[in-house]
Amino acid sequence: MHRFSTAQFANLIRFLDAKKVDGIEISYGTMDYALNIFRGDIPLKVILKHNPAFRKNNSIMTHVLNSLIYPLMRLNTKPFSPIYNIEYAKMAKELTGIPVISVGGIRTGEEMKQCLEKGFTDFVSICRPFICEPDIVKKLKTDGNYISKCTNCNTCAIMCDSDQPTRCYRRPCHEFGG
């Protein structure tokens with residue numbers, strides 16, 4: 001897995017600063033390296049069942065994936081931790097006046113407030129909490145310390161590569177009124 005050094009990261013931020021982009025979102029991972037966008041659970045059975053690249057494999061290939069390839073891929077993944085990109089967001093803020101947006105592991109109203117009030121980032125971005133709770137903004141307005149029900153199971157992200165809809169697969173649809 002390719003990882004930016006802090007010097008490479010600083011060069012990228014300076015490059016973007018010179019281009020005068022409107023905002024810089026600090027994220028982690030690319031799909032160039034399988035599974036490195038995930039923190040938390042990696043639902044291998046869901047991948048093997050729903051991802052078009054694996055659906056046509058026979059049981060021997062599934063066994064090879066389960067016993068050999070998956071453990072090697074798992075070595076390059078990171079466990080979930082709250083606000084996992086904030087150190088890079090802070091570095092970016094020191095290098096540019098362009099608004100910095102941080103995404104990754106932000107699950108509570110308190111974490112959002114901390115990031116913004118301490119000036120670590122100009123904006124916070126959340127994705128999987130919105131998939132889990134489309135009404136999360138209302139919940140945060142009612143309770144500034146609200147904690148998202150997203151469990152970081154990553155099934156929603158895995159299903160993006162399938163013919164299934166993007167939604168939370170751990171919470172029943174009736175919880176959303178649908």
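**A walk around a predicted fold**

Visitor: Let's start with Lys20: which loop is its place in?
Guide: This is a predicted model, so everything here is about computed coordinates. H1 spans 6-19 and E1 spans 24-26. The place of Lys20 is in the loop between H1 and E1.

Visitor: What is phi of Lys20 near, and is Lys20 buried or exposed?
Guide: Phi of Lys20 is positive, near 55 degrees, in a residue other than glycine. Its relative accessible area is 59%, and the cut-off for exposed is over 50%, so Lys20 counts as exposed.

Visitor: Which residue in the loop between H8 and H9 has a positive phi although it is not a glycine?
Guide: Here phi is about 70 degrees. The residue has 2% relative accessibility and counts as buried, while its place is in the loop between H8 and H9. That's Asn154.

Visitor: Stepping back, in what order do the elements run from the N terminus on?
Guide: The chain has 9 helices and 3 strands. Of its 178 residues, 37% count as buried. From the N terminus on, the elements run α-β-α-α-α-α-β-α-β-α-α-α.

Visitor: Among contacts between residues at least 6 apart in sequence, what share joins residues at least 24 apart?
Guide: One pair far apart in sequence is Ile37 and Thr77, 40 residues apart along the chain and 8.1 Å apart in space, C-alpha to C-alpha. Ile37 sits in the loop between E1 and helix H2 (44-50), and at 21% relative accessibility it counts as partly exposed. For contacts between residues at least 6 apart, the share joining residues at least 24 apart is 59%.

Visitor: On to the inside: which element gives the most to the largest nonpolar core?
Guide: That core has 18 residues, and Ile13, Ile26, Ile86 and Ala92 have the most contacts inside it. At least two residues each come from H1, E1, H5 (86-95), H6 (109-117) and H8 (136-142). With 3 residues, the element that gives the most is H5.

Visitor: How many residues does the other core have?
Guide: This one lies apart from the largest core. Phe38, Ile47, Ala157 and Ile158 are among its members. The count is 5 residues.

Visitor: Why do the buried residues of H5 end up on the same side of H5?
Guide: The residues in question are Ile86, Ala89 and Ala92. They pack against H1, E1, strand E2 (100-103) and H6. They end up on the same side of H5 because they cover an arc around the axis of only 115 degrees.

Visitor: Leaving aside neighbours within four places in sequence, which residues is Ile26 in contact with?
Guide: Ile26 is one of the residues with the most contacts inside the largest core. Two of the buried H5 residues, Ala89 and Ala92, turn up in its list. In full, Ile26 touches Phe9, Ile13, Asn85, Tyr88, Ala89, Ala92, Val100, Ile101, Ser102 and Val103.

Visitor: Now the cysteines: how many disulfides does the count come to?
Guide: The sulfur of Cys127 is 6.8 Å from the closest cysteine sulfur, in Cys156, so it is too far for a bond. The sulfur of Cys153 is 5.9 Å from the closest one, in Cys168, which is also too far. Cys127 is partly exposed at 45% relative accessible area, whereas Cys153 is buried at 7%. The count comes to 0 disulfides.

Visitor: Which helix supplies the largest share of the lining of the second largest pocket?
Guide: About 350 Å³ of space lies in this pocket. Of its 21 lining residues, Ser27, Tyr84, Val103, Cys127 and Arg128 are the closest to its centre. Helices H7 (128-132) and H9 (155-159) each supply at least two residues of the lining, but the largest share, 3 residues, comes from H7.

Visitor: And about how much space lies in the largest cavity?
Guide: A search of the whole structure finds 1 cavity of 30 Å³ or more. Its lining includes Cys132, Cys150, Cys153, Cys156 and Cys168, along with Asn154. H7 gives the most to that lining, with 3 residues. The space comes to about 80 Å³.

Definitions and conventions:
Residues are numbered from 1 along each chain as its sequence is written. This is a predicted model: local features need pLDDT of at least 70, side-chain atom pairs count only at pLDDT 80 or more; totals for chains, interfaces and linings use all residues. Side-chain values use heavy atoms; hydrogens and water are left out. A nonpolar core is a set of buried Ala, Val, Leu, Ile, Met, Phe, Trp, Tyr and Cys residues joined through side-chain atoms within 4.5 Å. Buried means under 20% relative accessible area, exposed over 50%, partly exposed in between (1.4 Å probe, protein chains only). Helices (H or I, at least four residues) and strands (E, at least two) are DSSP runs, numbered from the N terminus. Contact means heavy atoms within 4.5 Å. The arc is that of the directions from the helix axis to the C-beta atoms. A disulfide is a pair of cysteine sulfur atoms within 2.5 Å. On a 1 Å grid over the protein atoms alone, a cavity is a set of points where a 1.4 Å probe fits but cannot get out, and a pocket is an open set with protein on both sides within 12 Å along at least five of seven lines; lining residues have an atom within 4 Å of a point. Grid points are joined across faces, edges and corners, and a volume is the space filled by probe spheres set on the points.
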